[in-house]
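This report describes one protein chain for a reader who has not seen it before. Please look through the sequence and the model first.

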Amino acid sequence: MIYITGDAHGDFQRIFDFCVRFETSVDDIMIILGDAGINFSGGFKDQIKKDYIAAMLITLFCIHGNHKKRPYAIPSYEETEWHGGTVYVEKEYPNILFAKDGEIFELDGLKTVVIGGAYSIDKEIRLAYGWGWWEDEQLSEEIRQYVEQ
């Protein structure tokens, strides 16, 4: 079964509760549209979140939101094919997938193109308040051209 939710912002308790309530399995897919908050700090806090998520009986398919590092910029992620498109995944966390922008995935017989990384207008505000901002947070020109093709 495929489920869809919005931003998680690093809090996966409601997804955990959902999995328990509906008795999901790793064959089920939860699509997170927006900020999952998984690669926020790049350190121990992210690992704790990933360990928690990996214990859930569901596969998270994350569409890139803003305010976190992109998996292609993190050495532990590898590209692999999944449902007809390319995803980024870490070997230790096979049920946490990040979509590669511009890829077409087939889910339940439907094809969909994934375009993440909304254009954020709040860079200066985030910097002024000392909040996180990553240079790869916005789509690069190379990715924009790839998506347009």
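## Surface and burial

The accessible surface of the chain in this predicted model comes to about 8600 Å². Carbon and sulfur atoms account for 55% of that surface. The chain has 149 residues, and 46% of them count as buried.

## Overall fold

The secondary structure consists of 4 helices and 8 strands. Along the sequence, these elements follow the pattern β-α-β-α-β-β-β-β-β-β-α-α.

Contacts can also be sorted by how far apart the partners lie in the sequence. Among contacts between residues at least 6 apart, 63% join residues that are at least 24 apart.

## Helix 2 and its buried side

Helix 2 spans residues 44-54, and Asp46, Lys49, Lys50 and Ile53 are buried in it. These residues lie on the same side of helix 2, because they cover an arc of only 100° around the axis. An α-helix has 3.6 residues a turn, so residues three or four places apart point the same way. The buried residues of helix 2 pack against three strands: strand 3 (59-63), strand 5 (85-90) and strand 6 (93-99).

Lys50 is one of the buried residues of helix 2. Its relative accessible area is 7%, which is under the 20% limit, so Lys50 counts as buried. The side chain of Lys50 makes a polar contact of 3.1 Å with the side chain of Asn39. Apart from neighbours within four places in sequence, Lys50 is in contact with Ile38, Asn39, Tyr77, Glu90, Tyr93 and Ile96.

## Phe105 in strand 7

Strand 7 covers residues 104-107 and includes Phe105. With a relative accessibility of 0%, Phe105 counts as buried.

Which residues does Phe105 touch, not counting those up to four places away in sequence? Earlier in the chain, the list holds Phe61, Trp82, His83, Gly85, Thr86, Val87, Ala99 and Lys100. Later in the chain, Phe105 touches Leu110, Lys111, Thr112 and Val114. The C-alpha atoms of Phe105 and Glu81 are separated by 9.7 Å, although these two residues are 24 places apart along the chain.

## Aromatic rings

The structure contains 8 aromatic pairs. One of them joins Phe18 and Phe22, whose ring centres are 4.7 Å apart and whose planes meet at 45°, so the pair is tilted. Phe18 and Phe22 both belong to helix 1 (residues 13-22), and because they are 4 residues apart, about one helical turn separates them.

Phe18 is partly exposed, with a relative accessible area of 21%. Phe22 is also partly exposed, and its relative accessible area is 43%. Together with Tyr3, Phe18 and Phe22 form one aromatic cluster.

## Cysteines

How many disulfides does a search of the whole structure find? The result is 0. A disulfide is a covalent bond between the sulfur atoms of two cysteines.

Are Cys19 and Cys62 buried or exposed? Cys19 has a relative accessibility of 8% and therefore counts as buried. Cys62 counts as buried too, at 1% relative accessibility.

Note on methods. Residues are numbered from 1 along each chain as its sequence is written. This is a predicted model: local features need pLDDT of at least 70, side-chain atom pairs count only at pLDDT 80 or more; totals for chains, interfaces and linings use all residues. Side-chain values use heavy atoms; hydrogens and water are left out. A disulfide is a pair of cysteine sulfur atoms within 2.5 Å. Buried means under 20% relative accessible area, exposed over 50%, partly exposed in between (1.4 Å probe, protein chains only). Helices (H or I, at least four residues) and strands (E, at least two) are DSSP runs, numbered from the N terminus. The arc is that of the directions from the helix axis to the C-beta atoms. Contact means heavy atoms within 4.5 Å. A polar contact is a pair of N or O atoms within 3.5 Å; within protein, one must be able to donate a hydrogen and the other to accept it, and residues adjacent in sequence count only if both atoms are side-chain atoms. Accessible areas come from the Shrake-Rupley method with a 1.4 Å probe; for residues, only the protein chains shown count as cover. Rings of Phe, Tyr and Trp (its six-membered ring) pair if their centres lie within 6.5 Å; planes under 30 degrees apart count as stacked, over 60 as edge-to-face and the rest as tilted.
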